[in-house]
Amino acid sequence: MEHWPGIGGQETVTDEIQSNYPELPQNIKLVPAGSAITSYSVASFINAATVYGTELGLELACRGVPVLVTAEVPFSRKGFTYYVTSPE
């Protein structure tokens, strides 16, 4: 996951994830903004993705990758992604 700065503050999505889940499972990787590793560079070998406010989710869905959408984006609730509606 590539993180982006939060709106209206200094917190990032990565900060929020790390503060709520200090230990992530081995199969979940966070890619910090500015890293040489980009979301696009890993897109060819991922099995699924969770996105928050990025068009990458649309591109991945077009490639047949299952995408969990966690925010309202133009392609939310269109039937080709999974929209997260609760913490469970």
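From the N terminus on, the elements of this protein run α-α-β-α-β-β. The model is a predicted one. The exercises below go through the sheet, the core, the surface and two loop residues.

**Exercise 1. The sheet**

Task: Find how many strands form the sheet, in which order they stand, and which of them are at the edges.

Solution.
- Step 1. Begin with the inventory: the protein has 3 helices and 3 strands.
- Step 2. The 3 strands make up an open sheet with parallel pairing, and their order is β1-β2-β3.
- Step 3. β1 (49-51) and β3 (82-83) each have a single partner strand, so one side of each lacks a neighbour in the sheet, and these two are the edges.
- Step 4. Look at one pairing in detail: β1 and β2 (residues 67-69) run parallel and are joined by 3 bridges. Within this pairing, valine 51 has valine 69 of β2 as its bridge partner.

**Exercise 2. The core**

Task: List the residues of the largest nonpolar core and state which element gives the most to it.

Solution.
- Step 1. The core has 11 residues: Ala43, Ala49, Val51, Leu56, Leu60, Ala61, Val65, Val67, Val69, Val73 and Phe75.
- Step 2. Sort them by element: at least two residues come from each of β1, α3 (56-62) and β2.
- Step 3. The most comes from α3, which gives 3 residues.
- Step 4. Take leucine 60 as an example. Apart from neighbours within four places in sequence, leucine 60 is in contact with Ala43, Ile46, Ala49, Val65 and Val67.
- Step 5. Set the core against the whole chain: 24% of the 88 residues of the protein count as buried.

**Exercise 3. A nonpolar patch on the surface**

Task: Name the residues of the nonpolar surface patch and say whether leucine 24 and isoleucine 28 are buried, partly exposed or exposed.

Solution.
- Step 1. The patch is formed by Tyr21, Leu24 and Ile28, which together have about 280 Å² of accessible area.
- Step 2. Leucine 24 sits in the loop between α1 (13-20) and α2 (39-42). Isoleucine 28 is also placed in the loop between α1 and α2.
- Step 3. The relative accessible area of leucine 24 is 31%, so this residue is partly exposed. Isoleucine 28 has 41% relative accessibility and therefore counts as partly exposed.
- Step 4. Locate isoleucine 28 relative to the sheet strand residue alanine 49: the two are 21 residues apart in sequence, and their C-alpha atoms are 9.8 Å apart in space.
- Step 5. For the protein overall, the accessible surface comes to about 6,400 Å², and 56% of this belongs to carbon and sulfur atoms.

**Exercise 4. Two residues of one loop**

Task: For threonine 81 and arginine 77, decide which is buried and which is exposed.

Solution.
- Step 1. Threonine 81 is found in the loop between β2 and β3, and arginine 77 lies in the loop between β2 and β3.
- Step 2. Threonine 81 has a relative accessible area of 13%; buried means under 20%, so threonine 81 is buried.
- Step 3. Not counting residues up to four places away in sequence, threonine 81 touches Ala61, Val67, Val69 and Phe75.
- Step 4. Arginine 77 has 54% relative accessibility; exposed means over 50%, so arginine 77 counts as exposed.
- Step 5. Check the backbone of arginine 77: its phi is positive, about 60 degrees, although the residue is not a glycine. Most residues other than glycine have a negative phi.

Technical notes:
Residues numbered from 1 in each chain as written. Predicted model: local features only at pLDDT ≥ 70, side-chain atom pairs only at ≥ 80, totals over all residues. Heavy atoms only, no water. Pairing = 2+ DSSP bridges. Helix = DSSP H or I, 4+ residues; strand = E, 2+ residues; numbered from the N terminus. Core = buried A, V, L, I, M, F, W, Y, C linked by side-chain atoms within 4.5 Å. Buried < 20%, exposed > 50% of the residue type's maximum accessible area, 1.4 Å probe, protein only. Contact = heavy atoms within 4.5 Å. Patch = residues over 30% accessible without salt bridge, like charges linked within 9 Å, V, L, I, M, F, W, Y side chains within 5 Å. Areas by Shrake-Rupley, 256 points an atom, 1.4 Å probe, with all protein chains shown as cover. Salt bridge = Lys/Arg side-chain N within 4 Å of Asp/Glu carboxyl O.
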